[in-house]
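Please open the entry in your viewer and keep a selection command at hand, since this tour goes from one selection to the next and describes what is to be found at each stop.

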Amino acid sequence: YVIGDLHGDGECAEHWVRKTHLIDYHDEQDSDANVSGDNGKTGRGPSTWKDPTSHLLFLGDYVDKGPTSRYVIGLVKDLTE
């Protein structure tokens with residue numbers, strides 16, 4: 001899967017990551033807890049890749065124009081750790 005041009009929109013980023021069904025979130029009820037706060041923390045519980053051989057590629061602008069740029073960086077970072 002490829003996700004492009006998030007432009008600092010954490011809700012959009014979270015939406016498209018979930019649409020891929022590649023990630024198993026262990027704490028589903030708190031998944032969007034801090035999207036609006038933009039403190040850089042995702043507010044999600046631990047997550048794991050459903051298939052460790054799968055790939056998710058982010059292209060374009062992660063942090064341009066949107067209100068939650070730090071959240072987007074935190075989300076992408078969480079997915080790589």
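Is leucine 57 buried, partly exposed or exposed? Select leucine 57 in what is a predicted model, and you will be looking at a residue of strand E4. Its relative accessible area is 43%, and leucine 57 therefore counts as partly exposed, since that class lies between the cut-offs of 20% and 50%. Now add Val2 and Leu59 to the selection: together with Leu57 they form a nonpolar patch on the surface, and the accessible area of the three comes to about 270 Å².

Next, zoom out and colour by secondary structure, which shows two helices and four strands, arranged from the N terminus on in the order β-α-β-β-β-α. Of the 81 residues in the chain, 35% count as buried, while the surface that the protein exposes amounts to about 4900 Å², with 51% of it supplied by carbon and sulfur atoms. If you draw the contacts with a separation of 6 or more, 69% of them come from residues 24 or more positions apart.

Colouring by confidence is the next step: the mean pLDDT is 81, and 75% of the residues reach 70 or more. Within this picture, select residues 28–33, where the pLDDT is below 50, although the stretch has ten contacts in the model beyond near neighbours in sequence.

From there, go to histidine 26, which is placed in the loop between E2 and E3 and which, at a relative accessible area of 47%, is partly exposed. Show serine 47 as well and set a distance between the two C-alpha atoms: the residues are 21 apart in sequence, and the distance in space is 5.7 Å.

The last stop is helix H2, residues 69–80, for which a check of length can be made. At 1.5 Å a residue, its twelve residues should span 16 Å, and the C-alpha atoms at its ends are 17 Å apart, which agrees with that expectation. Within H2, select the buried residues, namely Ser69, Tyr71, Val72, Gly74, Leu75, Val76 and Leu79. As you look along the helix, bear in mind that an α-helix has 3.6 residues a turn, so residues three or four places apart point the same way. What do the buried residues of H2 pack against? Their partners are helix H1 (10–20) and the strands E2 (23–25), E3 (47–49) and E4 (57–59), and with E4 the tour is back at the strand that holds leucine 57.

Methods:
Residues numbered from 1 in each chain as written. Predicted model: local features only at pLDDT ≥ 70, side-chain atom pairs only at ≥ 80, totals over all residues. Heavy atoms only, no water. Expected span 1.5 Å × (residues − 1). Buried < 20%, exposed > 50% of the residue type's maximum accessible area, 1.4 Å probe, protein only. Contact = heavy atoms within 4.5 Å. pLDDT = per-residue confidence, 0-100. Patch = residues over 30% accessible without salt bridge, like charges linked within 9 Å, V, L, I, M, F, W, Y side chains within 5 Å. Areas by Shrake-Rupley, 256 points an atom, 1.4 Å probe, with all protein chains shown as cover. Salt bridge = Lys/Arg side-chain N within 4 Å of Asp/Glu carboxyl O.
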